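Open the model in your viewer and have the selection tool ready. This tour goes from whole chains down to single residues and says what to pick at each stop.

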Amino acid sequence: MRIVRVMLAVVIAFALTGCITLEVHVNLLLDGSGTYGFSINIVSDELAMLLAQRGQQDINEMFIEYMENNSSAGEMDDLVSDLPEGIELIDFGFYLTDEGLRVNVFYSFDSLETWNAYAGDQGYIQLSMNESAPAANGEITWSVNLKTDSPDLLEEMQDNPEFNQQLEENGGELKMQLFMRGPRPSPATNYADPYENVELSRLDDGAVVFTGPLTLLAKGNFTARFVGAPLSAEELAAKRREMIPEPSPQFAKILEILKKLREKRELQRAVAQATVDSQFELHVDLVDTEKMMLTAVRTYYGESAQYLAERDLLLLNLLPDLKNNYAIEVKSVTGPDGRAGVEVRRTTRNPIPLYSLEDNVRLRRDNDHWVYRFRLVYWLQQGNPVLSITPEPQLGRLIVHSARPIVGSNGKRLDGNTVQLDVSAGMLAADSSFIVRTQAE
Amino acid sequence: MKKSVQIVFALLALFMLSGCYEVYVDIQFNDAGQAYVSHYIVVPKKAFELQLNKMGLEQKQALEIMQNIAHRDAVMIGDMHATSRESFFGGDRVVLVREFLFDNHRALSDYLSLLGLRATIKERRTFFCRKLKGYDVTVEADALDMDKLLHFNELFSAPEESDEELPSFLGEDSKQFTLKVFLPGELNAVEPQAQVDWVFRKWSVKGNDLAKPFRAFISNTFPRRDEITGVKKSTDPLPTLDAPTATLTDQGRFADLMNGRFYPVLHARVHGNGKIDLNYLPVYTDETTSLNSFLRLSDWMLMPETISNYQEWLEALEVDEEITLGFGTRNRKPFAAKDVAHLLQVAADGRSATFYPPKLYNDATKVAGDPERVSMVVLVTFADGRTAQASVHAKDLAGGAPIVLKP
């Protein structure tokens, strides 16, 4: 139960001496591709000591265990699900640092357009880059701009009790650092535009760093410049490789978990669709009061058609009574929507007793009438994914034909002796009945 | 940034205590005298983790202990089988699951007694032919003891040196016990009034009411059932699936997804007199259970033999070293060996059997998905109690060679 101990310790450590710094990292190439990421650094002597005792391996296990246990809850999946084409998550994890703990979330993108569309949707920072005309020495200046304008963000953060606690512990101010890297290093001077409350610096590798209050996440404007010769195709490729490292072992495991999660969701969707695509039709021909001929048809459409038809035929083959008493036909069909399907049709060779349907049928005499009640009881369990599909799907129909005239029914009348009930998913999630009233004599 | 900041804060604020803990005992009876029981403990996730911390247990260890308790109970009680069904973890709650199959009512009563519940299950039979008419089921207790209902003292108890009786984070008002019972057929009486929850009747007790006497009574009458009689000898082979597949597209992905997650087990039990019982038992997972349940229940109407000539049947099956539950059907009357000879033949010495895979395809390349996928498993229990099992692959359904099963 490492996760409990460590995370509990994290919270306690925060309350004592810890502080949080948010780092935003932007790395752009001249074709507009690049990476965007943020790190949350939790710095605390107590935490560092505690985590150092545990080691990175333990942190990895803790994080992965948490991911495994929570991935189905959806909160983690928000980070990676439905990523548009051209955007990939390249790192996500908890890492031990000398001072404490670091949480990384990094994306790569193939163009600024792709990134900005995604960033706009997700509340991330949008980016732009201008390229100057070549100077006399052939050098180009790339101006990279980040503008934040999200007035509701700060309000939202301040509503968070953990955030508030942090704010209090840090004297009402939390820091953010913005690291920007461009196609070439930034120049030694005039590498960025000054901005109110922001401290500027330049790192040895030519990265530009903006340091300021966290409120700049909600409203800020940052411009950095990078200068140099245009990149050759080889240089561009090399920079791209450098920019997107191989996944860390921890992140590789997370990707595995997410792959399993996606497969699970795909499976759930496929199962729901297969239920909708397995249309049934049951013809009950009442040849006498307690005798009937049955024609049971299942028509399978879509990607599950053959697999479920195979199940049907397997069942018919494995249980001798099912096979011997019926004429069975398998054929290709085309559904009303044009999709191909497989129809498995079974027709009784001889009349069978009404009460072979056991609890699914009730019969009573009501003066001059026989009242049949065909029950469709809870074929779909609460929580069945089919029940969340809108519009509510039709899953089949029941058709009752009687040699005697039908005088009443809750289904629709096809002729004087035949009625039909269209069966929806909602009906199958309850105790539903098809009531057919015939003349007694 | 917005969403990510929220996620990170959510990560860092995992362990707030809230909510209550609940014990559910769901019992489903069938007319074969079997019972299927799910015993759930639902705990707030944060509370569960704190309790693990307090007891010095890892999560995996705790789940193993719980499963060990289940298997220990099964051995002790007999005629009781524990499955390997996994517990699950939601956003804020942990659902600890133990799942059992009881071969008879004695075993079920013994298990319920471990939970502090007295169960009386009476079978009502017709006077002359002693045919089973229904059950009268009473579950009662002088007071509900949550300690016993949890039946997981290794986790839900305080260390020995402590004076605490139960986890300190749980107050009296936060405990709840729910009993759910399903009896097939017509219900005659339900006392006291119970809520309807899907096919179940449900009684819930919480807080101070747990100390009061508990009694639930439910009684049913099995519905009238007429056997379907017809052609006794096996008819022509069934049509194959080759023709339709020519017009279908994209059949592989679904088959790949279902591979290992939804397939039938045919369990043939050979009697001493040579007759054979056939149990058809679909194996499914949490993800495929909704499809299995829909097909199984609709089969009762579309293929009425599955309830008139067969009966609902449960078996604990060991597949891929996991014990899973097969929820299916079993013939009411055993078959003469000659009536199933097209499917299974037992050697004269009773020491081996040969299974003939049904021919569903003319061409093995036409099967959906991987021809090597397991399309079914055949399991034979010989008259001397020994068993043998074999997987039947999709390609075998295209006129594959007979499969010899030897214990």
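In chain A, 67% of the contacts between residues at least 6 apart in sequence join residues at least 24 apart. The model is a predicted one. Select chain A and colour it by secondary structure: eleven helices and 22 strands should appear. Of its 441 residues, 38% are buried.

Now select chain B. Chain B has 407 residues, of which 39% count as buried. Its secondary structure consists of nine helices and 21 strands. Taking contacts in chain B with a separation of 6 or more, residues 24 or more positions apart account for 66%.

**Stop 1: the two domains of chain B**

Stay on chain B and colour residues 16-221 and 242-405 separately; the domain assignment calls these domain 1 and domain 2. The C-alpha centres of domain 1 and domain 2 of chain B are 32 Å apart. How many residues of each domain take part in the contact? Domain 1 of chain B gives eleven residues, and domain 2 of chain B gives nine. To find the domain 1 side, select strand 3 (80-82) and strand 5 (93-102) of chain B, each of which supplies at least two of the residues that touch domain 2. By class, that side of domain 1 of chain B has four nonpolar, five polar and two charged residues.

**Stop 2: a helix pair between the chains**

Show both chains again. Select helix 8 of chain A, residues 249-276, together with helix 8 of chain B, residues 289-302. Two packed helices are described by the angle between their axes and the distance between the axes. Here the angle is about 20° and the axes of helix 8 of chain A and helix 8 of chain B are 9 Å apart. Helix 8 of chain A is therefore roughly parallel to helix 8 of chain B, as angles under 35 degrees count as roughly parallel. The crossing of helix 8 of chain A and helix 8 of chain B is left-handed.

Which residues meet where these helices pack? Show side chains for A:Val271, A:Ala274 and A:Thr275 on helix 8 of chain A, and for B:Ser290, B:Leu291 and B:Phe294 on helix 8 of chain B. The contact of helix 8 of chain A with helix 8 of chain B has four nonpolar and two polar residues, and no charged ones.

**Stop 3: two strand residues**

Go to A:Val330, in strand 13 (residues 326-334) of chain A. Is A:Val330 buried or exposed? A:Val330 is buried, because 20 other C-beta atoms lie within 10 Å, and 20 or more count as buried. Next, add A:Val344 and draw a distance from C-alpha to C-alpha: A:Val330 and A:Val344 are 14 residues apart in sequence and 4.7 Å apart in space.

In chain B, select B:Ser204, in strand 11 (residues 200-206). B:Ser204 is partly exposed, with 15 other C-beta atoms within 10 Å. Leaving aside residues up to four places away in sequence, B:Ser204 touches B:Gln176 and B:Thr178. Add B:Tyr24 as well: B:Ser204 and B:Tyr24 are separated by 180 residues in sequence, with 8.9 Å between their C-alpha atoms.

**Stop 4: backbone details in the loops**

Begin with the cis peptide bonds. Zoom to A:Pro391, in the loop of chain A between strand 17 (369-377) and strand 18 (394-402). The peptide bond from A:Thr390 to A:Pro391 is cis, and its omega is near -10°. In chain B, zoom to B:Pro192, in the loop between strand 9 (186-191) and strand 10 (195-197). B:Glu191 and B:Pro192 are joined by a cis peptide bond with omega about -15°.

Finish with phi angles in chain A. Which loop holds A:Asn190? A:Asn190 is in the loop between strand 7 (175-181) and strand 8 (199-202) of chain A. Its phi is near 50°, a positive value in a residue other than glycine. A:Asn190 is exposed, with 10 other C-beta atoms within 10 Å.

The last selection is A:Asn367, in the loop between strand 16 (361-366) and strand 17 of chain A. A:Asn367 is not a glycine, yet its phi is positive, about 55°. With 6 other C-beta atoms within 10 Å, A:Asn367 is exposed.

Note on methods:
Residues numbered from 1 in each chain as written. Chains lettered and ligands numbered in written order. Predicted model: local features only at pLDDT ≥ 70, side-chain atom pairs only at ≥ 80, totals over all residues. Axes fitted to C-alpha atoms, helices over the stretch in contact; angles between N-to-C directions. Helix = DSSP H or I, 4+ residues; strand = E, 2+ residues; numbered from the N terminus. Parallel < 35°, antiparallel > 145°, perpendicular 65-115°, else oblique. Left-handed = near helix turned anticlockwise from the far one by under 90°. Contact = placed C-beta atoms within 7 Å. Nonpolar A, V, L, I, M, F, W, Y, C, P; charged D, E, K, R; others polar. Buried ≥ 20, exposed ≤ 12 C-beta atoms within 10 Å, placed from the backbone. Domains from an automatic or database assignment.
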